[in-house]
Amino acid sequence: MAGESSLLQINITKVEQCGTGAALCQVYDSIFLDVPMSRVKFNVNSEYAYIQNFKILQNTFTKHAIERTVPIESLTKCKMQDNLEFLQWSKRFWDVNFPGHDYDAVARRKGAGVVAPGPAPASGRTSTTSARKPAPPATTRAAPRVAAAAGVGAGIGGATSLALRQENETLKEAIGGLEKERDFYFSKLRDIELLLQNACEEDPEIEKDENGFVKQIQAILYSTEEGFEIPLEGEAAANGEEPDTF
């Protein structure tokens, strides 16, 4: 993602620099022209400032009914993978919704943000490593859109790749939810099992009644479906031991 974006007129050398939120605010401002760019901080290098920028972006999403939550906590860590995924999605959104009008990025942010800061900015803040052709005039429509797209989403795959990434993200979230639900109910069952064990230790006679209440609960706790086998990790957990692997 090296080079100067002709859309934003800032030097973005690493995907991680998008974790400041400033460049992304301006990307969406180029579409809607109503992001309060005077409140967006470009020349900052603290997570608190990044969060404030992303809150501005989230307000823009809410205002325009964009059905996606900005993952502020993960993006402000300035990790490459998290920012790349959100940047890919933003690139596709920009391709679909940018109306093609003239956009003066420097004027919109009142001259701030010559270089996008980040956790590890590139050396040489005022120039690039090689001479680059200035942004084409606004009268040339096709060229600015191609250059801007390259600056916003350099290295981004096609729509198919984006769809697969989004599907993978959705599956990860679903699996995470299922694992939390599994752990929740397991802890409840484990609590019941411990209560029964304590009760039997205090009064061993209650476990001898084969038709008693304790035996009925144990039958439910330890019942399995046909073809189901308790894995070794499950047996270790039932005995209060830590399994070797998850």
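Start with the whole chain as a surface. Its accessible surface comes to about 15400 Å², and 55% of that belongs to carbon and sulfur atoms. Accessible areas here come from the Shrake-Rupley method with a 1.4 Å probe; for residues, only the protein chains shown count as cover.

Before you click further, note the ground rules. This is a predicted model, where local features need pLDDT of at least 70, side-chain atom pairs count only at pLDDT 80 or more, and totals for chains, interfaces and linings use all residues. Residues are numbered from 1 along each chain as its sequence is written, and side-chain values use heavy atoms, with hydrogens and water left out.

**Stop 1: colour by confidence**

pLDDT is the predictor's confidence in each residue, from 0 to 100. The chain averages 77, and 70% of the residues score at least 70. Select residues 120–136. Here pLDDT stays under 50, and the model has 11 contacts beyond four places in sequence for this stretch. Contact means heavy atoms within 4.5 Å. Now select residues 146–150. Their pLDDT is also below 50, with 8 contacts beyond near neighbours in sequence.

**Stop 2: switch to cartoon**

You should see 9 helices and 0 strands. The pattern along the sequence reads α-α-α-α-α-α-α-α-α. Helices (H or I, at least four residues) and strands (E, at least two) are DSSP runs, numbered from the N terminus. Of the contacts with a separation of 6 or more, 68% are between residues 24 or more positions apart. Buried residues make up 32% of the 246 residues. Buried means under 20% relative accessible area, exposed over 50%, and partly exposed in between (1.4 Å probe, protein chains only).

**Stop 3: helix H1**

Select residues 22–32, which form helix H1. How many of the residues in H1 are buried? The count is 10 of 11, so H1 is mostly covered. Among the buried ones are Ala22, Leu24, Gln26, Tyr28, Asp29 and Ile31. Pick out Cys25 too: its relative accessibility is 0%. Step just past the helix to Leu33, which takes a positive phi of about 60 degrees.

**Stop 4: the largest nonpolar core**

Show side chains. A nonpolar core is a set of buried Ala, Val, Leu, Ile, Met, Phe, Trp, Tyr and Cys residues joined through side-chain atoms within 4.5 Å. The largest one has 32 residues, and Tyr28, Leu57, Phe61 and Val70 have the most contacts inside it. Helices H1, H2 (47–63), H3 (72–75) and H4 (80–97) each supply at least two of its residues. H1 gives the largest share, 7 residues.

Centre on Val70. Beyond its neighbours within four places in sequence, Val70 is in contact with Phe54, Leu57, Gln58, Phe61, Leu75 and Phe86.

Move to Thr60 in helix H2. Thr60 is buried, at 5% relative accessible area. Not counting residues up to four places away in sequence, Thr60 touches Phe32 and Val35.

**Stop 5: salt bridges**

A salt bridge is a side-chain nitrogen of Lys or Arg within 4 Å of a carboxyl oxygen of Asp or Glu. By this rule there are 7. Visit three pairs.

- Select Arg68 and Glu169. Their side chains meet at 4.0 Å, N to O. This pair links distant parts of the chain, 101 residues apart: Arg68 sits in the loop between H2 and H3, and Glu169 in helix H7 (residues 159–202). Arg68 is buried at 18%, whereas Glu169 is partly exposed at 27%.
- Select Lys91 and Asp95. Their closest N and O atoms are 2.5 Å apart. Both lie in helix H4, 4 residues apart, about one turn of the helix. Lys91 counts as buried at 14%, and Asp95 as partly exposed at 34%.
- Select Arg182 and Asp183. The side chains meet at 2.9 Å, N to O. Arg182 is partly exposed at 39%, and Asp183 is partly exposed at 41%.

**Stop 6: cysteines**

A disulfide is a covalent bond between the sulfur atoms of two cysteines. The cut-off used here is a pair of cysteine sulfur atoms within 2.5 Å. The structure holds 0 disulfides. Select Cys18 and Cys78. Why is there no bond at Cys18? The closest cysteine sulfur, in Cys78, is 9.4 Å from the sulfur of Cys18, too far for a bond. Cys18 is buried, at 3% relative accessibility.
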